[in-house]
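Subject: Structure handover

Hi,

Here is the structure you asked about. Please open it alongside this note, and my findings follow below.

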Amino acid sequence: MYSIALCLDAPMQSWGTRSRGSIRDTAREPTKSGVVGLIAAALGVPRDESDCLAELSTLRMGVRVDREGILERDYHVTQNVPTTSGSGHRTALSHRYYLADAVFLVVLADADEDRLDQIQRALRAPVWPLFLGRRAFPPARPLLTNGHHDGALTGQGLTRQPLEVVLATHPWLEDRPEIRAAERRRPDRQPLRTVIDCDLTDPDAELRMDVPESFTPDDRRYAARAVRSGTVPLTDDLITTKDAPCISAS
């Protein structure tokens with residue numbers, strides 16, 4: 001089994017699960033539909049290519065929360081919105097939730113190394129701009145290393161390790177030196193939360209309705225997947241001593 005490790009970091013991220021009407025919610029970690037959409041943008045897959053989306057959705061996904069985001073809400077007022085009857089205009093109110101200052105390690109796993117390598121190359125040179133849930137939320141650092149700067153605090157990319165091993169051993173993605181230094185001194189560190197795709201028969205499985213079947217604007221459809229929540233310890237090995245600056249991928 002092969003895996004690819006990605007860093008999702010931005011001042012604001014939003015991973016909607018029930019965004020309908022006037023309330024646009026966000027999950028506390030990246031959704032399968034959001035990550036598939038991110039990869040599809042990198043590969044240049046159109047919204048109506050349902051077969052390609054279905055293929056990307058078969059990738060097994062695991063998320064490690066390296067920095068829990070702060071849940072924030074924007075209150076939007078939109079004027080002169082046409083009414084459904086077409087007889088006039090109205091003012092529309094909406095509540096839009098997002099995560100501030102969150103950092104996630106996202107790991108995708110598959111038995112096909114070439115498939116993951118294609119995704120890695122696309123993420124380094126995406127066809128379309130990448131964003132973390134909404135177009136206004138671009139990544140704050142490269143999603144993965146370009147292979148020439150191993151000290152960069154970002155996703156390490158393609159590896160031969162299985163998903164669970166990557167989640168447990170990948171360097172911590174927290175990039176604030178004062179936080180890293182403080183955690184090195186702490187004897188009672190909090191573990192890092194994880195959410196991993198699992199079999200429906202797993203006794204700890206819970207359902208998430210976020211597997212995309214169609215991204216067509218007038219026909220958005222999602223299926224269920226089973227996930228298992230857990231934790232991994234924040235060990236000394238994860239808090240590396242090399243606090244190298246992030247280098248943009250070529």
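Start with how two helices meet: H1 crosses H2 in the right-handed sense. Bear in mind that this is a predicted model.

**The helix pair**

Two packed helices are described by the angle between their axes and the distance between the axes. For H1 and H2 (residues 50-57), the angle is about 120 degrees and the axes lie 10 Å apart. H1 is therefore oblique to H2. The contact involves Lys32, Val36, Ile39, Ala40 and Leu43 on the H1 side. On the H2 side, these residues meet Leu53, Leu56 and Ser57.

**H1 itself**

H1 covers residues 32-43, which is 12 residues. From first C-alpha to last it reaches 16 Å, close to the 16 Å expected at 1.5 Å a residue. Is H1 mostly covered or mostly open? Mostly covered: 10 of its 12 residues are buried. Among them are Lys32, Ser33, Gly34, Val35 and Val36. Leu38, Ile39, Ala40, Ala41 and Ala42 are buried too. Lys32, Val36, Ile39 and Ala40 thus appear twice: they are buried, and they meet residues of H2. Right after H1 comes Gly44, with a positive phi near 80 degrees.

**The sheet**

Next, the strands. Seven of them form an open sheet, in the order E8-E1-E7-E4-E9-E11-E10, with antiparallel pairing. E8 (157-159) and E10 (206-214) are the edge strands, and each pairs on one side only. From one strand to the next, the twist averages 25 degrees. H1 packs on this sheet. It touches E1 (2-9), E4, E7 (103-110), E9, E10 and E11 (221-232). The direction of H1 makes about 30 degrees with that of E10.

**Strand E9**

E9 (residues 192-197) is worth a look from both sides. How many bridges join E4 to E9? Three, and the two strands run antiparallel. E4 spans residues 60-67. Within this pairing, Gly62 stands opposite Ile196 in E9. On the other side, E9 and E11 pair over six bridges, again in the antiparallel sense. There, Thr194 has Gly230 of E11 as its bridge partner.

Why is E9 called largely enclosed by the rest of the structure? Because five of its six residues are buried. The cut-off for buried is under 20% relative accessible area.

If you only have a minute, view H1 against H2, then H1 on the sheet, then E9 with E4 and E11.

Best wishes

How values were computed
Residues numbered from 1 in each chain as written. Predicted model: local features only at pLDDT ≥ 70, side-chain atom pairs only at ≥ 80, totals over all residues. Heavy atoms only, no water. Helix = DSSP H or I, 4+ residues; strand = E, 2+ residues; numbered from the N terminus. Expected span 1.5 Å × (residues − 1). Buried < 20%, exposed > 50% of the residue type's maximum accessible area, 1.4 Å probe, protein only. Pairing = 2+ DSSP bridges. Axes fitted to C-alpha atoms, helices over the stretch in contact; angles between N-to-C directions. Contact = heavy atoms within 4.5 Å. Parallel < 35°, antiparallel > 145°, perpendicular 65-115°, else oblique. Left-handed = near helix turned anticlockwise from the far one by under 90°.
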